[in-house]
Amino acid sequence: MICFLDFDGVLHPEALDAPIPAEQEFCHLGALEAVLREFPQVLVVISSSWRESVEMPLMVGLFSEDIQPRIIGATPTAGPDPYGKGHVLREDEIRAWLIANGGIDQVWVALDDLEHQFVQHRDRLVACDRGTGLDDRSFAELRQHFERAAAL
């Protein structure tokens, strides 16, 4: 299974009008890593907008050493709209990554706070509240996706 991971509004709260306080930055990362350790078959692809301005080694370096090898890439940044909608959605970037890396039929879930970015694949989205990031509800939902994939 592949987990497409957003950062802002997921791994830490995000306020639209203020920077993230240093003590809150990546405050949910340790808990996410704990869940990932329960499911060693889950690989991670970064779908966060951070991929547009932060180099991959720096993003991977945010994670614990045992999780780092499971981060297998980042989705492509929005380019021309291949689907004629006038804008590229996060799920389109995910689809582009899947097509380029083994095929569209792979089992995946997205962990993101931008629910409007998912139209066709809302059933594969674990939506986080932007103001809190990962919480008990989203962890439970993510765990259900991982368990279903492990049972396949």
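Let's start at a hollow on the surface: helix H4 gives the largest share of the lining of the largest pocket, namely 3 residues. Keep in mind as we go that this is a predicted model. The pocket holds about 160 Å³ of space. Which residues line the largest pocket? They are Met1, Val107, Trp108, Asp123, Arg124, His145, Arg148, Ala149 and Leu152. Sort that lining by chemistry and you get 5 nonpolar residues, 1 polar one and 3 charged ones.

Now step back and look at the whole protein. Its secondary structure adds up to 4 helices and 5 strands. If you walk along the sequence, they come in the pattern β-α-β-α-β-α-β-β-α. The radius of gyration is 15 Å, close to the 15 Å that the globule rule gives for 152 residues, so the protein is as compact as a globular protein of that length. Along the principal axes, the C-alpha atoms fill a box of roughly 40 × 40 × 30 Å. Buried residues make up 46% of the 152 residues. And if you take the contacts with a separation of 6 or more, 63% of them join residues 24 or more positions apart.

So what's on the inside? The largest nonpolar core has 30 residues, and the ones touching the most other members are Leu5, Phe7, Leu11, Leu32, Leu111 and Phe146. Two or more residues of this core come from each of strand S1 (2-5), helix H1 (29-38), strand S2 (43-46), helix H2 (56-60), strand S4 (108-112) and helix H4 (136-151). Apart from this core lies another one, of 11 residues, including Phe4, Ile94, Leu98 and Ala110.

Try zooming in on Leu111. Which residues does Leu111 touch, leaving out those up to four places away in sequence? The list is Cys3, Phe4, Leu5, Asp6, Val10, Leu32, Val126, Cys128, Leu134 and Leu142.

Next, find helix H3, residues 90-100. Of its 11 residues, 8 are buried, so the helix is largely enclosed by the rest of the structure. Those buried residues are Arg90, Glu91, Asp92, Glu93, Ile94, Arg95, Trp97 and Leu98. What covers the buried residues of H3? The cover includes S1, S2, strand S3 (71-74) and S4. Just past the helix you'll meet Gly102, which follows H3 and has a positive phi, near 115 degrees.

Finally, let's visit two single residues. Thr132 sits in the loop between strand S5 (125-127) and H4. Is Thr132 buried or partly exposed? With 37% relative accessibility, Thr132 counts as partly exposed, because that value falls between the 20% limit for buried and the 50% limit for exposed. Thr132 and His12 are 120 residues apart in sequence, yet their C-alpha atoms are 6.9 Å apart in space. Leaving out residues up to four places away in sequence, Thr132 touches Pro13 and His28.

The other residue, Gly30, belongs to helix H1. Gly30 is partly exposed too, with a relative accessible area of 44%. Glu52 is 22 residues from Gly30 along the chain, and the C-alpha atoms of the two are separated by 24 Å.

Key: Residues are numbered from 1 along each chain as its sequence is written. This is a predicted model: local features need pLDDT of at least 70, side-chain atom pairs count only at pLDDT 80 or more; totals for chains, interfaces and linings use all residues. Side-chain values use heavy atoms; hydrogens and water are left out. A nonpolar core is a set of buried Ala, Val, Leu, Ile, Met, Phe, Trp, Tyr and Cys residues joined through side-chain atoms within 4.5 Å. Buried means under 20% relative accessible area, exposed over 50%, partly exposed in between (1.4 Å probe, protein chains only). Contact means heavy atoms within 4.5 Å. On a 1 Å grid over the protein atoms alone, a cavity is a set of points where a 1.4 Å probe fits but cannot get out, and a pocket is an open set with protein on both sides within 12 Å along at least five of seven lines; lining residues have an atom within 4 Å of a point. Grid points are joined across faces, edges and corners, and a volume is the space filled by probe spheres set on the points. Ala, Val, Leu, Ile, Met, Phe, Trp, Tyr, Cys and Pro count as nonpolar, Asp, Glu, Lys and Arg as charged, and the others, Gly among them, as polar. The radius of gyration is taken over C-alpha atoms; the globule rule is 2.2 Å times the number of residues to the power 0.38.
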